[in-house]
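Dear colleague,

I am handing over the structure below, and my notes on one part of it follow. Please read them alongside the coordinates.

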Amino acid sequence: MTERRVVVTGIGTINPLGNNVEEYFSNLEKGVSGAAPITHFNAEKFKTKFACEVKNYDPSQYFDRKEVRKYDLFTQYALVAASQAVEDSGLDLETVDKEQVGVIWSSGIGGLKSFFDECLGYAEGGMTPRFSPFFIPRMIADIAAGFISMKYGFMGPNYCTVSACASSNHGMIAAFDAIRYGKADVMVAGGSEAAVNEPSVGGFNSMQALSTRNDDPEHASRPFDKDRDGFVVGEGAGALILEEYEHAKARGAKIYCEILGGGASADAYHFTAPHPEGKGAIKAMRDALKDAGITADEIDYVNVHGTSTPAGDLPELKAVAEVLGDHVYDVNISSTKSMTGHLLGAAGAVEALACIFAITHGVVPPTINCENLDPAIDPRLNLTLGTAQKRDVKCALSNTFGFGGHNSTVIFRKL
């Protein structure tokens, strides 16, 4: 079977750095932190009292009252980002063959807030089973993909990928495969998460996974810093319109970049900790390079998973160095989670947009907040510390890893 080329023709996002692509890209370049005290609930009794929330979000700007009742927040974010991407793509919704347009959407958790609220209501109502008819549809992780397809009538492949924080990359790889192997001409791919809530923050706190830098939230997400103490939970969504190259050319679409390949692996090591030598990450990156048909020395920028956890940052940098060899000293590396926080199942999609920013703008977004480099990290690595750096980025590689040992890597290239 002849593989077809796949390009990105539309993008959209709502995340802690902006409620659209323009705001996000601007704040990425400036090195803005999205962390602030939690407003979604009273966090006074929690170990961590801050997060990277979406700012100035009013659902009534996007949905009517009945829709808000139907949609969990993660689905609202999905629809906002996907709508932006569809509009940006310039697809003619009257003439496009909707049977050849699909949606693969990702979420690590889905409607956690809806689940929590219904359980609280059950307990507070004297254990009388008065559950909302919207409870199950609001909660299930695949519902965002379904609602996106219903909004536009897209009848192609439609499902959800769930692999914790690796979810969005896995979803993009699946959407990429659907197009290159002829199962669709256009795919909406992306991910959303809305996990700034009591069970999420409380659960991650109990694992000692979150930063507790409550006196200085803006500097709490500090990948590669010797004093990093955990990740900062974020929320939001990122969306990409993937399209077969000739299909995009025929309709005169603007093209942001090409998606070249993807790789996936398992650490097969521990249910939360990454392999200390990065073995699974190495395999995912090498498989992505092989799938893309390029060599390691063609990579210009690596957007690392870089969560700001003591256990996670070092193995990933070891893996990147192992895969790229001496070329690792010629590439830019950065963790945009230092700004956005960790968007869990949406991380890969939002970070894919950071790679697209680097390719289209010739600017590598920075890693902020690293004031004292961990002495175990090779100081010769260009971690793009502090400020963005200008660079002609032709190829960008993006990693996302998830609890359960899931690893996923996607590669983008300037067309």
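Which elements do the buried residues of helix 10 pack against? They pack against strand 8 (257-266), helix 11 (313-324), strand 13 (395-402) and strand 14 (406-413), where helices (H or I, at least four residues) and strands (E, at least two) are DSSP runs numbered from the N terminus.

Please bear in mind that this is a predicted model, in which local features need pLDDT of at least 70 and side-chain atom pairs count only at pLDDT 80 or more, while totals for chains, interfaces and linings use all residues. Residues are numbered from 1 along each chain as its sequence is written, and side-chain values use heavy atoms, with hydrogens and water left out.

Helix 10 covers residues 279-292, and among its buried residues (under 20% relative accessible area, with a 1.4 Å probe and protein chains only) are Ile282, Met285 and Leu289. Just after the helix, glycine 293 takes a positive phi of about 75 degrees.

As for its partner, helix 10 packs with helix 11 at an angle of about 40 degrees, the axes (lines fitted to C-alpha atoms over the stretch in contact, with angles from 0 to 180 degrees between N-to-C directions) being 9 Å apart. Helix 10 is therefore oblique to helix 11, since angles under 35 degrees count as roughly parallel, over 145 as roughly antiparallel, 65 to 115 as roughly perpendicular and the rest as oblique.

In this contact (heavy atoms within 4.5 Å), Ala281, Ile282, Met285, Arg286 and Leu289 of helix 10 meet Ala319, Val320, Glu322 and Val323 of helix 11.

Best regards

Technical notes. Expected span 1.5 Å × (residues − 1). Buried < 20%, exposed > 50% of the residue type's maximum accessible area, 1.4 Å probe, protein only.
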